[in-house]
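Here are my notes on the model, as numbered points. Please read them with the structure open.

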Amino acid sequence: GGGGGDVATVLMMMMGSSSKIQTYAVASDRLLLNGAPPPTIISPDNVRSDGRALRQCRSAFMQTGAVNAAAGSAYAEFGQTKVIVSVFGPRESKKAQAFSDIGRLNCNVSFTTFATTVRGKAGQGLQEKEYSSMLYRALEGAVALHTFPKTTVDVFALVIQSGGGDLPVTISCASLALADAGIVMHDLVSAMSVGCFGKMLLLDSTLQEEGWQDGGLMVATMPSRNEITQLILSGEWPSSRLSEVTTVS
């Protein structure tokens, strides 16, 4: 969830005395033999299908000023994942919100109809709602809301192509767009994902890898303050793997 705290401390507290953490079950039709992922995901030499090492990020490209009509904007491309974010405001809030001493941050995430293999409004709509909430939680601790009282800043993120790590790429891109808009922030927010494959940890998973992983972790941080703004765990995580994540992240 949101809030502050350094990466290592938060992860160690979550481990507690339990050997495994399971936040929610992930439905899957995968079949793992002897705890090892299929050879198309990771080779016997620990090389991933796209040629990367286990703890190597995808090639990335980020640029501000992608949308001229917005107060600030950014475009991010991590491997096959492509996201564009536009920021509007600060602008006057609605009357019902006008008497707040702090500003209001609105976040909206949407997918192009061709971004994912999920078809239909219902499937995409649920994911968009969840991602919008997660984006807000990742950014709210970094934005100095008191600097624009009685006004609202709107963040609109569009996932053009889903290639894995959509949420961390969106969070990082949105943070850059906010800075481009001149919104006062305590720090930029940087996000990353880690996948657990048996005894192996993979940094910055692709969409294919996410479909086979035993567990996934997404962490958003303010690097210069060494604080976590959002932490999401899915699947099963042995405590030994979680402690290892502190060194990876």
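1. **A cut-off first.** Buried means under 20% relative accessible area, exposed means over 50%, and partly exposed lies in between. F111 has a relative accessible area of 6%, so F111 counts as buried.

2. **Confidence.** This is a predicted model. The average pLDDT of the protein is 82, and 77% of the residues score at least 70. Residues 14-34 are another matter: pLDDT is below 50 there. Beyond near neighbours in sequence, that stretch still has 39 contacts in the model. Strand β1 (20-22) should be read with this in mind.

3. **Overall make-up.** The protein has 249 residues, and 45% of them are buried. There are five helices and 10 strands. The accessible surface is about 12400 Å². Carbon and sulfur atoms account for 54% of that surface. Take the contacts between residues at least 6 apart in sequence: 69% of these join residues at least 24 apart.

4. **Main core.** In soluble globular proteins, nonpolar side chains tend to be buried together. Here the largest nonpolar core has 39 residues. L135, V155, I171 and L178 have the most contacts inside it. Which elements supply at least two residues each? The strands are β3 (72-78), β4 (81-92), β5 (104-111), β6 (151-161) and β9 (215-222). The helices are α2 (121-140) and α3 (166-180). Helix α3 gives the most, with seven residues.

5. **I171 up close.** Which residues does I171 contact, leaving aside neighbours within four places in sequence? The list is L135, A138, L139, V189, A191, M218 and A220. L135 also ranks among the residues with the most contacts inside the core.

6. **Second core.** A separate core has 12 residues. Among them are C196, L201, L231 and V245.

7. **Cysteines.** A disulfide is a covalent bond between the sulfur atoms of two cysteines. How many does the structure hold? Zero. Two cysteines show contrasting settings. C173 has a relative accessible area of 0%, so C173 is buried. C57 comes to 44%, so C57 is partly exposed.

8. **Aromatic pairs.** The count is three. One aromatic pair is F111 with Y131. The ring centres are 5.8 Å apart and the planes meet at 50°, a tilted arrangement. F111 lies in strand β5 and Y131 in helix α2, so the pair ties together parts 20 residues apart in sequence. Is Y131 buried or exposed? Relative accessibility is 15%, so Y131 counts as buried.

9. **S86 in strand β4.** S86 sits in this strand. S86 has a relative accessible area of 12%, so S86 is buried. Not counting residues up to four places away in sequence, S86 touches V67, A70, G72, S73, D154, V155 and F156. V155 is also one of the residues with the most contacts inside the largest core. S86 and A71 are 15 residues apart in sequence, and their C-alpha atoms are 7.6 Å apart.

10. **A cis peptide in strand β4.** Check the bond joining G89 and P90. The peptide bond is cis, with omega about 5°. P90 belongs to strand β4.

11. **Positive phi outside glycine.** K150 has a positive phi, near 60°. K150 lies in the loop between α2 and β6. The relative accessible area of K150 is 43%, so K150 is partly exposed. N226 has a positive phi of about 55°. N226 lies in the loop between β9 and β10 (227-238). With 46% relative accessibility, N226 counts as partly exposed.

12. **A buried arginine.** R48 is found in the loop between β1 and β2 (60-64). Where does R48 fall, buried or exposed? Relative accessibility is 2%, so R48 counts as buried. Leaving aside neighbours within four places in sequence, the contacts of R48 include I41, A53, L54, R55 and Q56. They also include L202, L203, D204, S205 and E209. R48 and S205 are 157 residues apart along the chain, yet their C-alpha atoms are separated by 9.9 Å.

Notes: Residues are numbered from 1 along each chain as its sequence is written. This is a predicted model: local features need pLDDT of at least 70, side-chain atom pairs count only at pLDDT 80 or more; totals for chains, interfaces and linings use all residues. Side-chain values use heavy atoms; hydrogens and water are left out. pLDDT is the predictor's confidence in each residue, from 0 to 100. Contact means heavy atoms within 4.5 Å. A nonpolar core is a set of buried Ala, Val, Leu, Ile, Met, Phe, Trp, Tyr and Cys residues joined through side-chain atoms within 4.5 Å. Buried means under 20% relative accessible area, exposed over 50%, partly exposed in between (1.4 Å probe, protein chains only). Helices (H or I, at least four residues) and strands (E, at least two) are DSSP runs, numbered from the N terminus. Accessible areas come from the Shrake-Rupley method with a 1.4 Å probe; for residues, only the protein chains shown count as cover. A disulfide is a pair of cysteine sulfur atoms within 2.5 Å. Rings of Phe, Tyr and Trp (its six-membered ring) pair if their centres lie within 6.5 Å; planes under 30 degrees apart count as stacked, over 60 as edge-to-face and the rest as tilted.
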